[in-house]
Amino acid sequence: LFTIGTYSLTQRIVPNELLGRVITCIRVLTWSTAAVGAILGGLAIERLQSAVPVYAAIGLTVCAAALLFTSTPLGHAERYLADDGSPVPAPAHES
């Protein structure tokens, strides 16, 4: 569900010209960290001889990250959408 929500939000707020690049960057970051997380989780479970503390730590980390993101622009993405749901164009930079 988290991945679906993230990709849906990305598709709504990123301009079409940049969408492929942004999604590629997201996939590189998430897929590479998934393997590291699996290895570290496996080592922690082996060392603790129980999966319960590992799953509890993961749950707390996800909840804390979600709460932290509510105070960032990502937590208020609706501000960056026009009334019709399209992304609001970025202001032009003055030279």
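A helix, as named in these legends, is a DSSP run of H or I with at least four residues, numbered from the N terminus. All views are drawn from a predicted model.

**View 1. The second largest pocket and the contribution of helix α2.** The lining of the second largest pocket owes most to α2, which gives 4 residues. The residues in this view are Leu-29, Thr-30, Thr-33, Ala-34 and Ile-58, which together line the second largest pocket, and the volume that they border is about 180 Å³. Sorted by class, this lining holds 3 nonpolar and 2 polar residues, with no charged residue.

**View 2. The largest pocket and the helices that line it.** The largest pocket of the predicted model has a volume of about 720 Å³. Its lining is made up of 20 residues, and those closest to the centre of the pocket are Phe-2, Thr-6, Thr-30, Ala-65 and Phe-69. Two or more lining residues come from each of α1 (2-13), α2 (16-48) and α3 (52-69), and the largest share, 7 residues, belongs to α1. The class make-up of the lining is 12 nonpolar and 8 polar residues, and no charged residue is found in the lining of this largest pocket. Thr-30, listed here among the residues closest to the centre of the largest pocket, is also listed in the lining of the second largest pocket.

**View 3. The course of the chain.** The protein chain has 3 helices and 0 strands, and its elements, read from the N terminus on, follow the order α-α-α. Of the 95 residues in the protein chain, 9% count as buried, a class that is reserved for residues with under 20% relative accessible area.

**View 4. A nonpolar surface patch that includes Leu-40.** Val-36, Ile-39, Leu-40 and Leu-43 make a nonpolar surface patch of about 400 Å². Leu-40, one of these four residues, is found in helix α2. Leu-40 counts as exposed because its relative accessibility is 54%, and the cut-off for this class is over 50%.

**View 5. Gln-49 in the loop between α2 and α3.** Gln-49 has its place in the loop that runs between α2 and α3, and its phi is near 60°, a positive value in a residue other than glycine. Most residues other than glycine have a negative phi, so a positive value calls for a careful look at the backbone in this view. With a relative accessible area of 66%, Gln-49 is exposed.

**View 6. Tyr-55 in helix α3, shown with Ile-45.** Tyr-55 lies in helix α3, and this residue counts as exposed because its relative accessibility is 58%. Ile-45 is included in the view for its distance to Tyr-55: these two residues are 10 residues apart along the chain, and their C-alpha atoms are separated by 9.5 Å.

Definitions and conventions
Residues are numbered from 1 along each chain as its sequence is written. This is a predicted model: local features need pLDDT of at least 70, side-chain atom pairs count only at pLDDT 80 or more; totals for chains, interfaces and linings use all residues. Side-chain values use heavy atoms; hydrogens and water are left out. On a 1 Å grid over the protein atoms alone, a cavity is a set of points where a 1.4 Å probe fits but cannot get out, and a pocket is an open set with protein on both sides within 12 Å along at least five of seven lines; lining residues have an atom within 4 Å of a point. Grid points are joined across faces, edges and corners, and a volume is the space filled by probe spheres set on the points. Ala, Val, Leu, Ile, Met, Phe, Trp, Tyr, Cys and Pro count as nonpolar, Asp, Glu, Lys and Arg as charged, and the others, Gly among them, as polar. Patches are made of residues with over 30% relative accessible area and no salt bridge: like charges are joined within 9 Å, nonpolar side chains (Val, Leu, Ile, Met, Phe, Trp, Tyr) within 5 Å. Accessible areas come from the Shrake-Rupley method with a 1.4 Å probe; for residues, only the protein chains shown count as cover. A salt bridge is a side-chain nitrogen of Lys or Arg within 4 Å of a carboxyl oxygen of Asp or Glu. Buried means under 20% relative accessible area, exposed over 50%, partly exposed in between (1.4 Å probe, protein chains only).
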